[in-house]
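User: Could you take a close look at the disulfide in this model? I'd like to know what it links and what the surroundings look like.

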Amino acid sequence: MIKNQSVVIGGGALLLGLILGIAVSGSRVDDKIAQAMGRMDEASGAAVSAQEAAMAAIEERFGALEAQVEEAAGAAAALSDDLGAKMSEMQQGLASRIDAVTEGAQAQVAALRDEFASAPTTGTAGSAETAAAPAAGMAAAETRSVGETAVLADGALRVFVSRLDTEAGTARLSINGTDTTLAVGDAATVALESGDCAVSVVSIGADGVALASDCGEAAVADVPAAPEAGFRPGEVAILADGALRVFVSGLAADNSAARLAINGLSLETVASGGSVDVASGDKSCTVSVTGVGNGLVGLDGSCG
């Protein structure tokens with residue numbers, strides 16, 4: 001009986017100890033759980049704080065970007081307005097200048113028109129003719145108008161008529177390349193290889209100027225007419241299917257000759273109506289001056 005009581009008491013003690021142990025262990029587990037939950041709360045709070053800080057930084061940067069975009073938009077609008085104002089100002093200034101130039105040109109044209117209207121008429125049907133008898137020993141030449149040439153003394157003397165003033169009774173002549181102005185009855189002395197001779201102005205009228213000279217008979221046939229189409233100084237003529245390249249260097253003031261460089265060779269002076277022989281490769285070629293006048297030279301070329 002006593003033995004059974006001891007067993008019961010021992011079992012009860014053991015059960016009590018087990019219950020106490022579980023209670024103690026449970027309190028410790030709760031503490032640990034509480035501690036873990038506290039740490040999780042702290043970590044979560046820190047993460048939330050970091051996230052909130054990051055979001056605040058992002059919002060701040062977006063705000064700065066929005067401010068910059070608004071500032072850039074304002075600057076672009078101001079620049080556009082400024083450019084528009086400047087373009088408008090430039091257009092107005094250009095229009096004013098064009099108007100001023102147009103008005104100036106119109107004024108100049110009007111002035112030139114008035115000047116030409118009041119200028120003395122040259123070579124017209126209504127012009128009065130001024131005449132004088134040829135000097136003794138001088139033969140009268142045919143009448144020449146502006147732009148024509150009288151050839152005397154078998155071609156040794158060329159008189160080009162550059163201008164006539166019927167009202168003043170004067171003629172502007174180029175005598176063998178020398179410019180001179182002669183009135184009716186005046187004469188100019190010319191030195192030729194055959195000796196000195198004189199050219200005088202006999203009359204000036206609607207048909208032109210009549211010249212007299214003791215230098216020889218007048219000749220017209222050997223002076224070709226001015227070409228209707230030709231080449232100006234500085235231009236290059238391609239002749240004879242490309243075998244000849246003729247550079248026009250210049251024209252004589254009295255339209256008596258042209259200065260040419262053929263196929264890049266040295267310059268040559270060729271009289272109006274004359275020609276020059278040149279070689280182009282194995283070909284024999286000829287370049288002819290068919291006429292000089294109106295600022296042009298007529299050229300012809302052939303190769304055999």
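Analyst: Let's set the scene before zooming in. The chain has one helix and 16 strands, where helices (H or I, at least four residues) and strands (E, at least two) are DSSP runs numbered from the N terminus. This is a predicted model, so to speak of local features takes pLDDT of at least 70 and side-chain atom pairs count only at pLDDT 80 or more, while totals for chains, interfaces and linings use all residues. Residues are numbered from 1 along each chain as its sequence is written, and side-chain values use heavy atoms, with hydrogens and water left out.

Now the part you asked about. The structure holds one disulfide, meaning a pair of cysteine sulfur atoms within 2.5 Å. The partners are C285 and C303, with 2.0 Å from S to S. They link distant parts of the chain: C285 belongs to strand 15 (residues 283-293) and C303 to strand 16 (residues 296-303), 18 residues apart. The link is right-handed, with 105° about the S-S bond.

The two ends sit in unlike settings: C285 counts as buried, at 2% relative accessibility, whereas C303 is partly exposed, with a relative accessible area of 29%. Buried here means under 20% relative accessible area, exposed means over 50%, and partly exposed is in between (1.4 Å probe, protein chains only).

The strands that carry the cysteines also pair with each other. Strand 15 and strand 16 run antiparallel and are joined by eight bridges; two strands pair if DSSP finds at least two bridges between them. One residue along from C285, so to speak, is a handy place to check the register: T286 has S302 in strand 16 as its bridge partner. At the turn of this hairpin, two residues lie between the strands, and N294 takes a positive phi near 60°.C285 also takes part in a nonpolar core, one of 17 residues that include L244, V270 and V276. Such a core is a set of buried Ala, Val, Leu, Ile, Met, Phe, Trp, Tyr and Cys residues joined through side-chain atoms within 4.5 Å. Apart from this core lies the largest one, which has 22 residues, with L157, V159, L173, V201 and V209 making the most contacts inside it. Among the strands that each supply at least two residues to the largest core are strand 4 (157-165), strand 5 (170-175) and strand 8 (195-205). L173 touches V159, F160, V161, V201 and L211, among others, not counting residues up to four places away in sequence; contact means heavy atoms within 4.5 Å.

Back on the side of the smaller core, there is a sheet worth a look. Four strands form an open sheet in the order 10-11-12-13, with antiparallel pairing. Strand 10 and strand 13 (267-271) are its edges, each pairing on one side only. Strand 11 (residues 244-251) and strand 12 (residues 257-262) are held together by five bridges, and the bridge partner of L251 in strand 12 is A258.

For the chain as a whole, 25% of the 304 residues count as buried. Among contacts between residues at least 6 apart in sequence, 45% join residues at least 24 apart.
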